[in-house]
Structure formats: structure tokens, C-alpha cells
Amino acid sequence: MDPYELLGVSRDADDATIKKAYRKLAREYHPDVNPDPAAQERFKEVSHAYEILSDPQKRAAYDRGGDPFGGGFGAGQGFSFTDIMDAFFGGAAQGGTAAGRGPRPRVRRGQDALIRLDIELAEAAFGVTRELKVDTAVTCETCHGEGTAPGSHPITCETCRGAGEVAHVQRSFLGEIRTLRPCAACRGFGTIIADPCRDCGGDGRVRSRRTLTVKIPAGVDTGTRVQLAEQGEVGPGGGPAGDLYVEINVARHETFTRHGNDLHCTVTIPMTAAALGTTITLPTLEADLPDVAPQDATFELEVRPGTQSGTEQTLRGRGVPGLRGGRGDLIVTIAVETPTKLDPAQEELLRQLATLRGEEQPEGQLRAAVRGVFGRFRDAFNGR
Ligand code: ZN
């Protein structure tokens, strides 16, 4: 295998170009970053190629057509991706530094938490305040988050002398590689809790159930997440709490359905009312709320004479308030009900009406299969 080809560099490439090319390939194929076995094989090949081309003597030997290796050198194995990057960048890769990153803090921020909350449609639309029971980690009151038994404190780790890490030195084809690894004795903390708090086992936090008052804003919908800052899990060592997210699930309503910020409902009216016209008072979605002003609890639906079944009426601004302002519409579909169970007198009156309208033997009409908005409007005006 041609090492120039493997690294994708020309025969007269300088050291910097070769180094750059190898760095790029190492990032791509190193087993630490690419678990594919084919990548592992590739990594060995490019490391081998780099070994030749980065060494002037081996490179010259290769260029002359000779074997640059007396025996062979298991290149690219036994060094982590970080080791190689450290060798290139003086230890700055992957956030680690040769100077050390110091001990791992015992106090860290906690995780975010998520709970689900079922609410009614009216509550989602107009907002609600709810009490929530939440179960999260809180700071241990016995040790105030320190994790130590009363009267004791964490002691400095003797193995790393408090540094939290220990140096490992390895010889490699890139020279001597010095890496810092977390100290095994103190798990990188630099300190050891010899006498842990009995209530939290040294973690500095315990699980606790508490009640929270949550204000759900108007306009939320299923899937909306309400964020409560710092009400999530307290971190290890009594660190700052993560956030709590309340995910909303809106229950199906008996009569109103929601599409975006619009509300839809269907009102059934008798055939006579549809023919003669009338005004009907109906309950709004707000009527579900405990404290609703009388004028908000109902809406008036005007039924024009000759209203057809399926006619829609839009009441502007009577829908759901938007989370970012504005308010949707209330769209009412009218369903005309044909009377059933006629008594003899009613039947007689209807027969008389049919006679008067010349409808004793109605013709019936096939409607066009596809009707646009204008077709429906025309029908409504013509009273068909
Ligand atoms: Zn404790």
C-alpha cells in the first residue's frame, strides 16, 4: 500500500500537509470515534502510512523503494483518540489539558424533569392554576448536600493528592505521550467521603414528594411544555436543580373540538326553525369555567329563514386565545333535524304544506358530485 495514497497527499507534500491529512483521517477512523471494524482496519493503515511519512529516514527509505521498517511497529493500537490529539495539540484536545482539568466537582447541576398533566379543554383555552405532586431529588437536609455524616468532612485523596487525576506516560511513534486519567481511588473527585451521610449515602440529595402550584397559561394545547425553572432534580452534592417541564394533555370535549385556535361545534335545530328563522342562545366553552361572567357564558346564534343543514356560521374572536396573543374563531355548523314520530294532526299539517308548495310528488334532484364554496352559497340563498 502506498502511504501517499493512503493519506491522500502528493509525493512532495511537506510535513505540515502530511500531519494535517493524518489528523483528519484519524478523526474519522479512530476506533474511539468509529466503531465500524472496517474503520479500525483503515485506521491501522493510515497510522502505518503516517508512521512512514512523518519520519524523514523511513520516508526516504520508502521513496528509495526499500522497507522503512526493520521489523514492524504495531502502529495505531493502544493509543486512544485523545492521546493522539493530545500529542498533536499539546494536550488541548477533547477538553483535557496537560496541565490537568483538576478534580471533578462533587456539586453539579441536576437534571431536568418532565411530568404530564391532563387538563380540560376550557382550562387549556383560558388558563388554569393547578396543584401538582412532583417527585424529585432535593437537597439532603441532614448534611446540607455535603454528603458527609454530621461532624465530618470530605478528606483529600491520598492517591492523587487532591488533583482528581493521575498521569500516565506511554511511549509511542509520536514521541512520549503523557496523559492524565481520572484518579480511581476518588473517582476523580480529589476528595474521599470516609463517613457518608446516613440519609443520602453521600450523594447529598434525597428523593422527596412535594406539591407545586403551577400556572398554565391560556392557549396551551396537547404537547405544549410549560417550563418551571429550577423545579427539577437537585444535582449531586446539593447542586442547583434542573428545570421541570409540565407537558400538557388536553381531554376531549363533549361538544367543542379544537383546530389550532378555532373551536368547532355542531348545533341541531328543528326543520321548522330552519325554515322560519330564529335566534338560539347556546353555552360557550367558557361556561365550563368556575368563575365566568354571564355575558361570556353564552353566545347567540342567529338562524336565518331558510337555513340549510350543514350551513356554517363563524363567530369571530370566540375561539381559543393564542399563546402569543390574538384569538381564534368559533365555527358553528347547523344540522337541521327532520321531525320524527308525527302525531295525526302534525302529519295532516305537513301534508297540507306539501300540497300548498306543490311538493306532494317531489321530483328530487341529483346534485353535482363536486361543489365548490360558491355552489353551497348559491344553494343557501336559493333555499334548496
Ligand atoms: Zn445527606
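Here is a short walk through some helices and aromatic rings of this structure, which is a predicted model.

Let us begin with two neighbours in the numbering, helix α3 (residues 37-53) and helix α4 (residues 56-63). Their axes come within 6 Å and cross at roughly 100°. Angles of 65 to 115 degrees count as roughly perpendicular, and α3 and α4 are therefore roughly perpendicular to each other. Where they meet, α3 contributes Glu51, Ile52 and Leu53, while α4 contributes Lys58, Arg59 and Tyr62. By type, the residues of this contact split into three nonpolar and three charged, with no polar ones.

Tyr62 leads us on to the aromatic rings. How many aromatic pairs does a search of the whole structure find? There are two. In one of them, Tyr4 and Tyr62 are tilted, with 6.2 Å from centre to centre and 55° between the planes. This pair links distant parts of the chain, since Tyr4 belongs to helix α1 (residues 3-7) and Tyr62 to helix α4, 58 residues apart. Tyr4 is buried, at 2% relative accessible area, whereas Tyr62 is partly exposed, at 22%.

The other pair, Tyr22 with Tyr50, is stacked: the centres are 4.3 Å apart and the planes differ by 10°. Tyr22 lies in helix α2 (residues 15-29) and Tyr50 in helix α3, so this pair ties together parts 28 residues apart in sequence. Tyr22 is buried, with 0% relative accessibility, and Tyr50 is buried too, with a relative accessible area of 6%.

Finally, look at Phe189: the charged end of Arg104 sits over its ring, 4.3 Å from the ring centre.

Conventions
Residues are numbered from 1 along each chain as its sequence is written. This is a predicted model: local features need pLDDT of at least 70, side-chain atom pairs count only at pLDDT 80 or more; totals for chains, interfaces and linings use all residues. Side-chain values use heavy atoms; hydrogens and water are left out. Axes are lines fitted to C-alpha atoms, for helices over the stretch in contact, and angles run from 0 to 180 degrees between N-to-C directions. Helices (H or I, at least four residues) and strands (E, at least two) are DSSP runs, numbered from the N terminus. Angles under 35 degrees count as roughly parallel, over 145 as roughly antiparallel, 65 to 115 as roughly perpendicular and the rest as oblique. Contact means heavy atoms within 4.5 Å. Ala, Val, Leu, Ile, Met, Phe, Trp, Tyr, Cys and Pro count as nonpolar, Asp, Glu, Lys and Arg as charged, and the others, Gly among them, as polar. Rings of Phe, Tyr and Trp (its six-membered ring) pair if their centres lie within 6.5 Å; planes under 30 degrees apart count as stacked, over 60 as edge-to-face and the rest as tilted. Buried means under 20% relative accessible area, exposed over 50%, partly exposed in between (1.4 Å probe, protein chains only). A charge sits over a ring if NZ of Lys or CZ of Arg is within 6 Å of the ring centre and within 35 degrees of the ring normal.
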